[in-house]
Amino acid sequence: RILEVLRVFFLSFAVLHITPLNLMSNPKSTETFFFTLGLLLELLVNAITKTELIFSGEGDLEAIRNHSKRELRFALIPMLCFYFIAVTISGVLYFRPEDDKNEATDYANKDNILRNEIGSDAEAYNDYGGHLRFLAPAGEGHYSSDTQHDGWAISDIPIVLCALSYVLNIFFTLIQKVFLLSKVADFRLHNVPENIDYCIHRYGEWIMLMLGESVLSLLIVETTESTEYYVVACFGVLTVVLLQILHFESEPSHVDGHALWRSISIGYSYNVLVQLLSFGLIAFGVSFKAMLTDIHNKAVLNGESYDQTGRFLFGFVTASSVPYGDQNERHLAPAVSLSNQAVASLYSGSLFFVLMSLEAINTTHVKTTSITNLFFDSNLSRDQAKKVWWPIVFMAAFKFALMTFTATLSTWVKDPVKLTVIGFFIVLTLAMTRFLKPNYFRSHQNE
C-alpha cells in the first residue's frame, strides 16, 4: 500500500507541472523536468510492484510470475528507458551553465510577455499579484507573435519521448496480447485473468469523466447575454447528453455480451478504442470552449461589459495579511481564441472522431466471426445460402454518408451557432439509426 501511495503521489506531482506549451518548451523552466521526473518515478514504482509480485505473489504463483515478467519486458522497461532519456535531456537543459545569455534572456522575455498577456486578458493576473495558475494558454488571439512557439527545438524532445512511449506501449501490448499469448500452449499458466465486472465499471466511470470534461468546457466560459451564447451552450449540453446515451445504451447489460469477455484481442481493441474516444471528447470540449469564447469576445467588442472571459468557479480563504486583490477565486483556465475556420475544423473533426469511435466500440460487442457477417441474415440455418440483409446494408451506407458529411462539415459551415445545431442533429440521427432496429444486434449475439 505504501508503494501505491507513492505511485499516486508521483503521478499527481507530474500533473501538477502540466502548464501551457510556451512554458514547458522553455529549457530553463522547471515544468518539463519535474513533469518527466514525476512520470519516471511513478513508472519506477509500478515496476517495483511487478517485481514484488514475481517474488512474493499469492495465489497461482506461476501465472503471476509469467504475467508480471511479460509486463516488465514488453511495457514497463521500454517506457522506463524513454522516460529516463526524457528526464536526462530536460535535466541537462535545465541545469547546464548559461553559455548563451541571449538565449536565456530571450526565454525570460517570452515568459514575461506570456504571463503579462494572460493576466491582461481578465485583468486578474495583477489583481492576484501573479498568484494565478493558468491551466491552458489564452490562444492565438491573446498572444503576440513573440509568445508563439517557434518550431521544433531540442527542448521539445522530452515531451515527444513521453508521447512516443505511450504509443509504443500500445503497440508492444498489442503484440504480447494478440500474437504471443494466443500461441501459448497452456494459456492459464501465462496470464492472470481480469475482473471483467470491475473493468466494465471502471471504463464506464472513465467515459463519464471524459463527458464531464466536455460539459465543463461549456460552463467554464463566462456567460454572455446573447442568443448565440445560449444556443451554443444549450445545444452543446444536449449533444454531450446524447453522446452519453449513445454510448451507455449500446453497452451490453451483462458480462457475457461485453467485448472484454469475448477474447483478449477483442478486449484490448475495446481498451484502445476507449482511449481514442477519450481524445476525441477532450478535443470536442475544447471546440465548444473556443466557440463560446469567440461569442464572448464579439460581445465585448460591441460594448458589453464583462470582467473576464474565463469563469471563476469558487473562492478560497487566505490570511488577511496576504494581499490577493479584490477577488478571491481561482481562475481555472483563460480563454481559447482561434479563427472561425480552425474552430469549425476542430469541431467537425473531433465529432467525427467521437462518432467513429462509438461505432467501432459498439461493433466489438457483436458476436460474429467476421465483420462481413454483419450484412447477412443470421436467422438462416448453416445449410441455407447466405442472404444479404439489405436493411442493414442501406443503414451502413447511410451511416457512411453521415460520417462523411460530419468530417467535411467545416468546409460548408463556419458559424458557431449553425455548427452546434447541425452537430446536435447529426448525433440525434445516429442515435435513431442505432436504436431503429434493436433486434439486429441481439440476433447476431446469438450466433
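Modeller: Let's start with a rule: a salt bridge is a side-chain nitrogen of Lys or Arg within 4 Å of a carboxyl oxygen of Asp or Glu. Keep in mind that we're looking at a predicted model.

Biologist: Fine. How many salt bridges does that rule give?

Modeller: Five salt bridges.

Biologist: Take Arg7 and Glu4. What makes their contact a salt bridge?

Modeller: Their side chains meet at 3.4 Å, N to O. The cut-off is 4 Å, so the pair qualifies.

Biologist: And how are Arg7 and Glu4 placed along helix 1?

Modeller: Helix 1 covers residues 2–16, and the two sit three residues apart in it, so about one helical turn separates them.

Biologist: Are Arg7 and Glu4 buried, exposed or in between, and how do you know?

Modeller: Buried means under 20% relative accessible area and exposed means over 50%. Arg7 has 24%, so Arg7 is partly exposed. Glu4 has 38%, so Glu4 is partly exposed as well.

Biologist: Which salt bridge does Glu42 make?

Modeller: Glu42 pairs with Arg7, side chain to side chain, at 3.0 Å from N to O. This pair ties together distant parts of the chain: Glu42 is in helix 3 (residues 30–56) and Arg7 in helix 1, 35 residues apart.

Biologist: Is Glu42 buried or exposed, and what makes you say that?

Modeller: Glu42 has a relative accessibility of 11%, and the limit for buried is under 20%, so Glu42 counts as buried.

Biologist: Now over to helix 7. How do you know that Glu205 and Arg202 form a salt bridge?

Modeller: The N to O distance between their side chains is 2.7 Å. That falls within 4 Å, so the rule is met.

Biologist: How far apart are Glu205 and Arg202 in helix 7, and how accessible are they?

Modeller: They're three residues apart in helix 7 (residues 196–219), so here too the gap is about one helical turn. Glu205 comes in at 37% and Arg202 at 43%, so both land between 20% and 50% and count as partly exposed. Back with the other residues, Glu4, Arg7 and Glu42 are joined into one network by salt bridges that share partners.

Biologist: Let's do helix pairs. Why are helix 1 and helix 3 called roughly antiparallel or roughly parallel?

Modeller: They pack at about 160°, with axes 7 Å apart. Angles over 145 degrees count as roughly antiparallel, so that is what helix 1 and helix 3 are. Their crossing is left-handed.

Biologist: What about helix 10 and helix 11?

Modeller: Helix 10 and helix 11 (residues 340–364) have axes 8 Å apart and pack at about 155°. That value is over 145 degrees, so helix 10 is roughly antiparallel to helix 11. Helix 10 passes helix 11 in a left-handed crossing.

Biologist: And what do you call the arrangement of helix 7 and helix 10, and why?

Modeller: Their axes come within 7 Å and cross at roughly 10°. Anything under 35 degrees counts as roughly parallel, so helix 7 and helix 10 get that label. This crossing is right-handed.

Biologist: Which residues make up the nonpolar patch on the surface?

Modeller: Leu164, Tyr166, Val167, Leu276, Phe279 and Phe353, with about 490 Å² of accessible area together. Helix 6 (157–180) and helix 10 (264–301) each supply at least two of the patch residues. Helix 6 gives the largest share, three residues.

Biologist: What makes Leu164 accessible enough for the patch?

Modeller: Leu164, which is found in helix 6, has a relative accessible area of 37%. Patch residues need over 30%, so Leu164 clears the bar. On the burial scale, 37% lies between 20% and 50%, so Leu164 is partly exposed.

Biologist: Last stop: where is Val366, and why is it called buried or exposed?

Modeller: Val366 is in the loop between helix 11 and helix 12 (390–407). Its relative accessibility is 2%, under the 20% limit, so Val366 counts as buried. The C-alpha atoms of Val366 and Ala259 are separated by 7.9 Å, although their positions lie 107 residues apart in the count along the chain.

Biologist: And how accessible is Ile245?

Modeller: Ile245, in helix 8 (residues 227–248), has 34%, so Ile245 is partly exposed. Ile245 and Ala431 are 186 residues apart in sequence but 8.3 Å apart in space, C-alpha to C-alpha.

Notes
Residues numbered from 1 in each chain as written. Predicted model: local features only at pLDDT ≥ 70, side-chain atom pairs only at ≥ 80, totals over all residues. Heavy atoms only, no water. Patch = residues over 30% accessible without salt bridge, like charges linked within 9 Å, V, L, I, M, F, W, Y side chains within 5 Å. Areas by Shrake-Rupley, 256 points an atom, 1.4 Å probe, with all protein chains shown as cover. Helix = DSSP H or I, 4+ residues; strand = E, 2+ residues; numbered from the N terminus. Buried < 20%, exposed > 50% of the residue type's maximum accessible area, 1.4 Å probe, protein only. Axes fitted to C-alpha atoms, helices over the stretch in contact; angles between N-to-C directions. Parallel < 35°, antiparallel > 145°, perpendicular 65-115°, else oblique. Left-handed = near helix turned anticlockwise from the far one by under 90°.
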